[in-house]
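Please open the structure in a viewer and set side chains to be displayed as sticks. The tour below proceeds by selection, with a short account of what each selection shows.

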Amino acid sequence: MKEVVKVTLENEMDLILASKRTMKLAELCGLSLTIQTAMATAVSEIARCALSVGQNTSLELGIITLSPNKKQLSARVCNIIDTCVNTEAIIFAKRLIAEVKTIKNGSGYKILLNQDLKFGT
């Protein structure tokens, strides 16, 4: 993933910043307002859950190049506690975004939210 933005989540104000950054990046990628809002809402729900139960929480936003003609907007919420893995926040995010994954890596967990980008070839 080509990282564009990284936000350390420490308090409620950081959740607002995460939502704004997600909306802005989605807008710059050419996504519709509906998809921008869905992505930002899903990221906010996951980030809120991760922030409420853990420490060392961060959000990384970026672009994944899957092939020369296929790219995705990606949001990764990283945390050291697994309590967000099976919560209502994940279920809600899955209703908004098609691809939501939970990955355990070493000492922590990453929750990935990916949205396909449409662009001319």
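A salt bridge is here a side-chain nitrogen of Lys or Arg within 4 Å of a carboxyl oxygen of Asp or Glu. The model on display is predicted, and by this rule it holds 5 salt bridges.

**First selection: E60 and R76**

Select E60 and R76, whose side chains meet in a salt bridge with an N to O distance of 3.0 Å. E60 belongs to strand β2 (residues 57–67) and R76 to strand β3 (residues 70–79), so the pair ties together parts that are 16 residues apart in sequence. Are these two residues buried or exposed? E60 counts as buried, at 9% relative accessibility. R76 is buried as well, with a relative accessible area of 18%, because the cut-off for this class is under 20%.

**Second selection: E99 and K101**

Move next to E99 and K101, which form a salt bridge of 3.1 Å, N to O, through their side chains. E99 counts as partly exposed, with 22% relative accessibility. K101 is also partly exposed, at 39%. Now add K6 to the earlier pair: salt bridges that share partners join K6, E60 and R76 into one network.

**Third selection: K24 and E27**

Select K24 and E27 in helix α1 (residues 12–28), where the two lie 3 residues apart, about one turn of the helix. Their side chains meet in a salt bridge, and the N to O distance is 3.6 Å. How accessible are the two partners? K24 has a relative accessibility of 43% and counts as partly exposed. E27 has 42% and counts as partly exposed too. Side chains of opposite charge can pair when their charged atoms come close.

**Fourth selection: Q36**

Keep E27 displayed and select Q36, which is placed in helix α2 (residues 33–53). Which residues does Q36 touch, leaving aside those up to four places away in sequence? They are M23, A26, E27 and L31. E27 therefore appears twice on this tour, as a contact of Q36 and as the salt-bridge partner of K24, with a relative accessibility of 42%. Q36 itself is buried, at a relative accessible area of 8%. To end, draw a distance between the C-alpha atoms of Q36 and M23: the two residues are 13 residues apart along the chain, and these atoms are separated by 5.4 Å.

Note on methods: Residues numbered from 1 in each chain as written. Predicted model: local features only at pLDDT ≥ 70, side-chain atom pairs only at ≥ 80, totals over all residues. Heavy atoms only, no water. Helix = DSSP H or I, 4+ residues; strand = E, 2+ residues; numbered from the N terminus. Buried < 20%, exposed > 50% of the residue type's maximum accessible area, 1.4 Å probe, protein only. Contact = heavy atoms within 4.5 Å.
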